[in-house]
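Visitor: Hi! I'm new to reading protein structures. Could you walk me through this one?

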Amino acid sequence: MEEQFILRVPPSVVERIERLLNENASSSLDGSLDISFSEDGRSGTFMIGDERFPASLLDLPCIVESYKTYDDNVLIKTADVGQMIMVRDEGDAAVEGVEYKHGLTPPMRDARRRRFRREPDLNPEVVQRVEKDLLNIMSGGTVENVETVVPEAGSQRRKNAPVAAPKPDEVHVKSAGGEPERSDSDDSLEPES
């Protein structure tokens, strides 16, 4: 896959970039296009010609797939894009944090709050303690800071053996002659006299 990013620039810069890409670079007044980042890797400077604009590298609220086509029928996925370089005018305020809370299109406005489940409020200390306990258990150890209850010798429950249910008494229907009715299978079991 290719490496891709999204470059979002102010409208005045868009026209200059289009002119730079469409015309011969040597004949254009904006001869160069460059971007450099500071040591933190999140803030930097976008340069077009002699002008400098502040830029920020921001994480998108969700991954965006990019596709290309060779024949206008078949789309081929080329990359997953998860970050955007936002260039702003000198007077504009910088975006707070490292994540851009809005997606790329108007329906994704405030996407993190509106479309995704909230992260649970967990105490980091509890999470670390549970993780440590799980690692101890997996390595054959025991859990720390937990009381174990051992039943007393006299109070142990014994499991009773299952009791077989009694068979229902056989019901014999008596015929008019006073003897019980018998089936053919009953004849084969009794010896003849």
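Guide: Happy to! Let's begin with charged side chains: five salt bridges are counted here. Keep in mind that this is a predicted model.

Visitor: Okay, which residue does E51 form a salt bridge with?

Guide: The partner of E51 is R16, and their closest N and O atoms are 2.2 Å apart.

Visitor: And where do those two sit in the chain?

Guide: In distant parts of it: R16 belongs to helix α1 and E51 to strand β4, with their positions 35 residues apart in the numbering.

Visitor: Is R16 buried or exposed?

Guide: R16 counts as buried, because its relative accessibility is 14% and the cut-off for buried is under 20%. Its partner E51 is partly exposed, at 37%.

Visitor: Got it. What about E65, what does its side chain meet?

Guide: The side chain of E65 meets that of K77 in a salt bridge, 3.3 Å from N to O. This pair also links distant parts of the chain, since E65 is in strand β4 and K77 is in strand β5, 12 residues apart.

Visitor: How accessible is E65?

Guide: E65 has a relative accessible area of 42%, so it is partly exposed. K77 is partly exposed too, at 33%.

Visitor: Can you show me one more salt bridge?

Guide: Sure, take D110 and R113, whose closest N and O atoms are 2.8 Å apart. D110 is buried, with 16% relative accessibility, while R113 is exposed, at 61%.

Visitor: Which residues are joined into one network by salt bridges that share partners?

Guide: Those are E65, K77 and D80.

Visitor: New topic: the inside. Which residues make up the largest nonpolar core?

Guide: That core has 10 residues, namely V9, V13, I17, F46, I48, F53, A55, L57, I85 and V87.

Visitor: Which elements each supply at least two of them?

Guide: Helix α1 (11-22) and the strands β3 (43-48), β4 (51-69) and β5 each do. Of these, β4 gives the most, with three residues.

Visitor: Why would nonpolar side chains gather like that?

Guide: There is a general tendency behind it: in soluble globular proteins, nonpolar side chains tend to be buried together.

Visitor: Let's zoom in on I17. What is it in contact with?

Guide: If we set aside neighbours within four places in sequence, I17 is in contact with V9, L33, F46 and I48.

Visitor: Any other core to look for?

Guide: Yes, another one lies apart from the largest core, and it has five residues, including L60, M84, M86 and Y100.

Visitor: Back to β5 for a moment. Where does T78 lie?

Guide: T78 lies in strand β5, which covers residues 75-87. With a relative accessibility of 7%, T78 counts as buried.

Visitor: Which side chain does T78 make a polar contact with?

Guide: With the side chain of Q4, at 3.1 Å.

Visitor: Last one, the surface. Which residues form a nonpolar patch there?

Guide: V126, V130, L134, L135, I137, M138 and V143 form it, and together they have about 630 Å² of accessible area.

Visitor: Where is V143 placed?

Guide: You'll find V143 in the loop between α3 (124-138) and α4 (184-189).

Visitor: And why does V143 count as partly exposed?

Guide: Because its relative accessible area is 31%, and partly exposed covers the range between the 20% limit for buried and the 50% limit for exposed.

Technical notes
Residues are numbered from 1 along each chain as its sequence is written. This is a predicted model: local features need pLDDT of at least 70, side-chain atom pairs count only at pLDDT 80 or more; totals for chains, interfaces and linings use all residues. Side-chain values use heavy atoms; hydrogens and water are left out. Helices (H or I, at least four residues) and strands (E, at least two) are DSSP runs, numbered from the N terminus. Buried means under 20% relative accessible area, exposed over 50%, partly exposed in between (1.4 Å probe, protein chains only). A polar contact is a pair of N or O atoms within 3.5 Å; within protein, one must be able to donate a hydrogen and the other to accept it, and residues adjacent in sequence count only if both atoms are side-chain atoms. Patches are made of residues with over 30% relative accessible area and no salt bridge: like charges are joined within 9 Å, nonpolar side chains (Val, Leu, Ile, Met, Phe, Trp, Tyr) within 5 Å. Accessible areas come from the Shrake-Rupley method with a 1.4 Å probe; for residues, only the protein chains shown count as cover. A salt bridge is a side-chain nitrogen of Lys or Arg within 4 Å of a carboxyl oxygen of Asp or Glu. A nonpolar core is a set of buried Ala, Val, Leu, Ile, Met, Phe, Trp, Tyr and Cys residues joined through side-chain atoms within 4.5 Å. Contact means heavy atoms within 4.5 Å.
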